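User: I would like a close look at a single part of this model, set in the context of the whole chain.
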Amino acid sequence: MKTKLTILLFLSLYSISHGQINIKGVVLSENRTPLEGASVFLNNTTIGSISDANGEFTLRNAKEGKYMLIIAYLGYKTVQHEITLTKEKPLQKLSFILIPENDMLDEVVIRKKRRSSRERITDFKRFRNIFIGMTKFAEKCTIENPEVLNYYYDKESEVFSVEADKPIIITNKALGYKIRYTLEKFEQSKKRSEYFGFTQYEELKGSKRRKRKWKKNRQTAYQGSRMHFLRSLILANTREEGFIIDQFTRIPNKKFPTEKELKFAKRIFKMYRDNNSPFSLHKKITKPKSKLDSAILIDRRLGQRKVIDSIISKDINYSDVTFKLQEKTFLRFNDILKVTYTREKEEYGYRRSKERLNYQKSNLHIIKNPELILPFGEFSNPSNHLVEGYWGYEKFANALPLNYQSDN
């Protein structure tokens with residue numbers, strides 16, 4: 001959860017060794033007592049540490065860039081602090097004062113209806129499919145502590161939501177990571193699924209053979225991923241890396257029924273059902289001769305796509321959608337990008353059929369332009385974009401830490 005925190009700046013203890021950056025700090029309680037055992041890590045990386053008896057921590061071997069520093073301690077609010085690491089401008093030693101959970105009286109939490117124990121079995125499967133995903137790597141992911149999950153459903157808004165009492169522990173045997181995920185928000189509605197949280201990766205121990213397999217799987221997860229694409233934009237080599245970029249817009253399909261037509265059809269069907277008057281939606285209609293015929297024809301038009309994708313530009317260059325400012329890369333475009341990765345097939349499970357394409361298609365939409373691309377291949381504001389297609393299919397089971405480095 002997000003919270004306010006006090007940060008005290010001490011002596012400069014920011015060090016650089018062989019191009020890598022170390023970060024030092026201390027974690028304290030409200031009465032300035034050191035907190036031992038606090039988990040401190042750079043979000044979405046393998047870079048983390050535990051505070052010692054003096055509340056002190058050191059994060060080692062970070063690269064230059066913008067990160068979210070996370071501090072988590074049982075019984076206290078999880079805090080997040082944005083930091084920018086550069087060799088030219090050292091950070092000072094950081095001191096975090098944590099606030100107990102029960103002292104946060106200014107937060108008002110409105111509880112939805114909590115799900116029954118019988119419903120929890122189905123709810124867990126639903127949560128797992130949305131969060132972990134349904135890829136081949138997802139099959140080898142295990143949520144070790146499902147008991148920390150609480151499920152809710154709001155009938156009025158038809159929103160399914162999940163909260164977690166503690167960090168979710170995930171073992172990814174496909175990629176070789178043990179993961180602590182602090183869930184901040186999880187909601188699914190009819191239109192979209194949205195979740196975010198803080199992720200701490202830890203390398204699993206294994207034999208040389210198993211490590212080779214993990215290395216191969218990580219490379220597979222990386223190829224064609226959003227991280228791969230964003231890094232190729234920074235390096236200005238999208239085509240060399242196998243990406244084709246098209247730009248398209250979405251226009252309303254005039255054949256799709258209007259809201260007025262849908263209300264009319266719904267009213268007619270209800271009238272017939274209330275009067276126990278039988279009718280068939282499959283009757284042959286050349287020209288409508290009654291209100292029922294008109295309602296049936298409207299219902300059939302629901303099979304049409306609500307919007308139509310219309311290509312604006314095909315095979316555009318990376319420079320058409322990015323610009324550089326002070327050695328930083330920004331993404332800027334209108335409408336939607338279709339990103340095709342040409343060097344990897346779709347998984348069989350993506351289309352749920354034996355036929356699969358020899359390439360992967362994903363759609364990217366930026367909500368507010370421009371958007372800064374961080375050096376390790378992530379957006380500065382993770383909530384400022386939407387993805388569809390293959391990137392939407394590859395969920396948490398295929399995610400890699402931001403400090404992952406591809407061999408290719």
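How much area does the protein chain expose, and what share of it do carbon and sulfur atoms supply? With that as background, please look closely at one helix pair: at what angle do helix α4 and helix α5 pack, and how far apart are their axes?

Analyst: This is a predicted model, and in it the protein chain exposes about 24,000 Å², of which carbon and sulfur atoms supply 50%. Of the 408 residues in the chain, 42% are buried, and the C-alpha atoms fill a box of roughly 85 × 50 × 45 Å along the principal axes. The chain has seven helices and 25 strands, and when contacts between residues at least 6 apart in sequence are considered, 65% of them join residues at least 24 apart.

Turning to the pair itself, helix α4 spans residues 259–274 and helix α5 spans residues 291–300; the two pack at an angle of about 125°, with their axes 9 Å apart. Because this angle falls neither in the 65 to 115 degree range counted as roughly perpendicular nor over 145, where roughly antiparallel begins, α4 is oblique to α5. The crossing in which α4 passes α5 is left-handed.

On the α4 side, the residues that meet α5 are E261, L262, F264, A265, I268, F269 and Y272, while α5 contributes K291, L292, S294, A295, I296, I298 and D299. Sorted by class, this contact has ten nonpolar residues, together with one polar and three charged ones.

Conventions
Residues numbered from 1 in each chain as written. Predicted model: local features only at pLDDT ≥ 70, side-chain atom pairs only at ≥ 80, totals over all residues. Heavy atoms only, no water. Axes fitted to C-alpha atoms, helices over the stretch in contact; angles between N-to-C directions. Helix = DSSP H or I, 4+ residues; strand = E, 2+ residues; numbered from the N terminus. Parallel < 35°, antiparallel > 145°, perpendicular 65-115°, else oblique. Left-handed = near helix turned anticlockwise from the far one by under 90°. Contact = heavy atoms within 4.5 Å. Nonpolar A, V, L, I, M, F, W, Y, C, P; charged D, E, K, R; others polar. Buried < 20%, exposed > 50% of the residue type's maximum accessible area, 1.4 Å probe, protein only. Areas by Shrake-Rupley, 256 points an atom, 1.4 Å probe, with all protein chains shown as cover.
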